[in-house]
Amino acid sequence: MDLSYGPEYNDLRGEVKAFLAANWPPEEGAEGGDLAAQAVGFRRRAIGAGYLARSIPKRYGGAERAADPLAAQIIREEFRRAWAPMEQPGIGTMMLVPTLLERGEEWMKEKWVESTVLGETIWCQGYSEPGSGSDLASLSTRGELVGDEWAINGQKIWTSGAHAADFMFALVRTEPDAGKHAGISYLLIDMKQPGIDVRPLRMMTGSADFNEVFFSDARTPKNWIVGERGEGWKVSRTTLKHERNSIGNAAMVRGQFDSLVDLARERGRLGDASVRQRLTEIEGYVLAHEYSGYRQLSADSQGKQAGIIQMMTKLHSTNIGHSFANLAIELLGDDGLQAPGRRVAQHAPSNHGAWVGQFMYSLGVAIAGGTANIQRNVIAERGLGLPRDAAADRSTSK
Amino acid sequence: MKFELSDEQELLQQTIRSFLEAECPVTRLREICDGDEPFDPSLWKGMVEIGLGGIQVEEQYGGVGLEAFDLAVAAEVLGYAAAPGPFLGHSLAAAAIGLAGSEAQRERWLPALAAGELLGTVALAEESGWQPGDWTFPGGSSLSGCKRHVPYGEVADLIVVGTEGGGLAVVEGRGAVAAEPYEGADRTRRLAELTFESAAAEELAGGADASARVRDLALILLAADAFGGASRCVEMAVAYAQSREQFGVTIGHFQALKHQLANLAVDVEPARALYWYAAHAYDHLPDEAPRTAALAKAHLTDRFMHAARDTVEVHGGYGFTWECEVQIWFKRAMFDRAFLGTPSVHRERAAEIASW
């Protein structure tokens, strides 16, 4: 066991700190006071210094550094401490960029990789449909080749950020006569066109982060397809392995737990025996989560697989989120009658409305990106080796 | 950054696992559990021969000279196999003498403990509680009083006794105290009530400083044992789901059961890193060690109990029988949970240590 990063990494930490001290926050009024532009400018400098877009080749605007999970972790820690922006967060950086790098045409990488990471281009993901949730491959949004364009008709749902997105990467049925999975293609679609209607869906918290997206003869060029026709399912799967940042999740869980303790203290309940029991019981899970993050970082840094624990991060943190929410709402007492405010920030439970929001939002976390029950299927089948469910035939043609 | 077992630690686990597969398969485990003899000297002798008598005892005293982490890694395998025997009490007695004994006391007892010539145990619990601060047993060179829940108290050759003010004293000689074994739930770790009547004792000079540390080590070993046992429960439950057939298929096809097993696995596997960290902190991060040990014991022994209950349920009616081996781990979980104080005791301690 060695939980230190070693001397060469201490040097790196010093360099990152010095870079941040010189570059963030930007001078007041820089870029005409435009915060988004300030972030883009900062990201360019950070990429130049080798701290962001590390896995992206230089010719597409990245820093092109050898994979080094420990260096990446140190950079994350220092950027977080300085409240400095990392790569543009969201589905574009997380999902689309790795997919393009692996499967995209050269012109696509040149056109979109850098601007996505910088935050100049915003993406949304068109996967789920009203009739296709966990059985995603049954999707029925159609794409037909008309001349040099795909004509797209149908509907996507639960599309986070569609109202703000420039483009969508979408799974679309282009080969209706092929099999269920083999009929799907991965298309890139301009969101700013008359054939697309974005309607916000109001969440139970009252705010609207996600949308329905209706396609009525929307158009996209014939060559805005990643992979071949009918390869969309496979292309969408290649993306999933790029998602991992286990320790980032652990740090967030830890931050929320500390906020929960602060809430108990502020409400005068920290001396209450039942609250102490519940807090320390939850803390057992929080520590298990945190140290399992170390385990994965350790394995990643040596190019090894950490095993079944890798499949558990989301479900374990979802479970923890439920217990945070349940204890928080107890601690709020009468203030739990309030309507939710904005969701709780990583660190400060500054207002009670935010905790009410968190009480509800923890359910969103349990559902987004694969419900807890889907996670359980994955753990049972791929992790524990239990048989796949015969009723859920994955190859039935649509 | 390396947060995983070293090759040596993997080998240590493999050595113990192979030994137990050969010497204490489930058939033998059942015989010991069902038998009247509380102690199997030949099994313990074999465990000592592979080093389990003194993993943490320094080499100059004939031990293997490893850290608490290694001891915990060994305890995990014993929990996995539900290995019967006095490893826990013996390891703690050696740790207490190593931490609190004079040079002469160490030279006198540690080599004999490491070699298995003496069987050690610890006498901690009283009516007033398990923790050093709870002890009221008067110290001195002649001990009188009662101690409860002493592992293998009737066959131990050397007993480290917790005394008033968190002190530690050693009583030597099998039969030096009146021992009354009782029928414990867990038949893999036998317990006795001890009555001392003017028993000759030697105090360990560093006892008052060391007793909390011995307690923390005990908490970590229980947590490690619990992780091993809990992971075995997951394996048993999964194996049963893959073999038992109903409606023409193995019951592992059914989503209700798959989800139950996934929940079980997610409850258990992340906790491995918690016992690792607690053991690592004991060796290298002394400020963090007491609180982490308390939380690890509370969390891991709860997980084991929960896993054992679910595993019985997964086995259906068979799971509730004496014949089904799950009951052996179920009862081991009861021991890990209650020994040295239940999870709520240690959660409250953790809250106090944090000044909540």
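1. Starting with overall dimensions: for 398 residues, a compact globule would have a radius of gyration near 21 Å, and chain A comes out at 23 Å, so the two agree. Keep in mind that this is a predicted model. Along its principal axes, the C-alpha atoms of chain A fill a box of roughly 70 × 50 × 45 Å. In chain A, 42% of the 398 residues are buried. If you take the chain A contacts between residues at least 6 apart in sequence, 66% of them join residues at least 24 apart.

2. On secondary structure, chain A has 11 helices and 8 strands. Strand 7 (residues 210-221) of chain A is a good place to look, as it has pairings with strand 3 and with strand 6. Strand 3 (residues 149-157) runs antiparallel to strand 7, and 9 bridges join them. Within that pairing, A:Ile157 has A:Glu212 as its bridge partner. Strand 6 (residues 196-201) also pairs with strand 7 in the antiparallel sense, this time over 6 bridges. There, A:Asp197 stands opposite A:Phe214 of strand 7.

3. One residue to click on in chain A is A:Ala37, which sits in helix 2 (residues 35-48). A:Ala37 has 15 other C-beta atoms within 10 Å; buried would take 20 or more and exposed 12 or fewer, so A:Ala37 is partly exposed. From A:Ala37 to A:Ala22 it is 15 residues along the chain, with 18 Å between their C-alpha atoms.

4. Now the cores. The largest nonpolar core has 169 residues, and B:Ala96, B:Ile220 and B:Tyr275 are the ones with the most contacts inside it. Helix 7 (residues 207-243) of chain B makes the largest contribution to this core, at 20 residues. A second core, separate from that one, has 56 residues, among them A:Ala53, A:Leu96, A:Ala137 and A:Leu187. As background, nonpolar side chains tend to be buried together in soluble globular proteins.

5. B:Tyr275 deserves its own point. Which residues is B:Tyr275 in contact with, leaving aside neighbours within four places in sequence? They are B:Ala72, B:Ile220, B:Ala223, B:Ala224, B:Phe227, B:Ala296 and B:Leu300. Note that B:Ile220 turns up again here, having already been listed with B:Tyr275 among the residues with the most contacts inside the core.

6. Next, the interface: 36 residues of chain B are in contact with 39 residues of chain A. On the chain B side, helix 7, helix 8 (255-268), helix 9 (271-284), helix 10 (289-314) and helix 13 (343-353) each supply at least two residues. Helix 8 of chain B gives the most, with 8 residues. By type, the chain B side splits into 20 nonpolar, 10 polar and 6 charged residues.

7. Helix 13 of chain B is worth a look in the same view. Its buried residues are B:Pro343, B:His346, B:Arg347, B:Arg349, B:Ala350 and B:Ala351. Their cover includes a piece of the other chain, helix 8 (273-301) of chain A, together with helix 7, helix 10 and helix 12 (326-338) of chain B. Just after helix 13, B:Ser355 takes a positive phi of about 60 degrees.

8. Over to the strands of chain B. Strand 4 of chain B is mostly covered, with 5 of its 6 residues buried. Strand 3 (residues 158-163) pairs with strand 4 in the antiparallel sense over 6 bridges, and B:Thr163 stands opposite B:Gly167. The hairpin these two strands form has 3 residues between the strands, and B:Gly165 takes a positive phi near 80 degrees there. Strand 4 also pairs antiparallel with strand 6 (residues 191-204), over 4 bridges; in that pairing B:Val170 stands opposite B:Glu202.

9. Last one: B:Glu172, in strand 4 (residues 167-172) of chain B. Is B:Glu172 buried or partly exposed? It has 17 C-beta neighbours inside 10 Å, so it counts as partly exposed. Not counting residues up to four places away in sequence, B:Glu172 touches B:Asp157 and B:Leu158. B:Leu118 is 54 residues away from B:Glu172 in sequence, and their C-alpha atoms are 9.4 Å apart in space.

Technical notes: Residues are numbered from 1 along each chain as its sequence is written. Chains are lettered from A and ligands numbered from 1 in the order in which they are written. A nonpolar core is a set of buried Ala, Val, Leu, Ile, Met, Phe, Trp, Tyr and Cys residues joined through C-beta atoms within 7 Å. Two residues are in contact if their C-beta atoms, placed from the backbone, lie within 7 Å. Ala, Val, Leu, Ile, Met, Phe, Trp, Tyr, Cys and Pro count as nonpolar, Asp, Glu, Lys and Arg as charged, and the others, Gly among them, as polar. The radius of gyration is taken over C-alpha atoms; the globule rule is 2.2 Å times the number of residues to the power 0.38. Two strands pair if DSSP finds at least two bridges between them.
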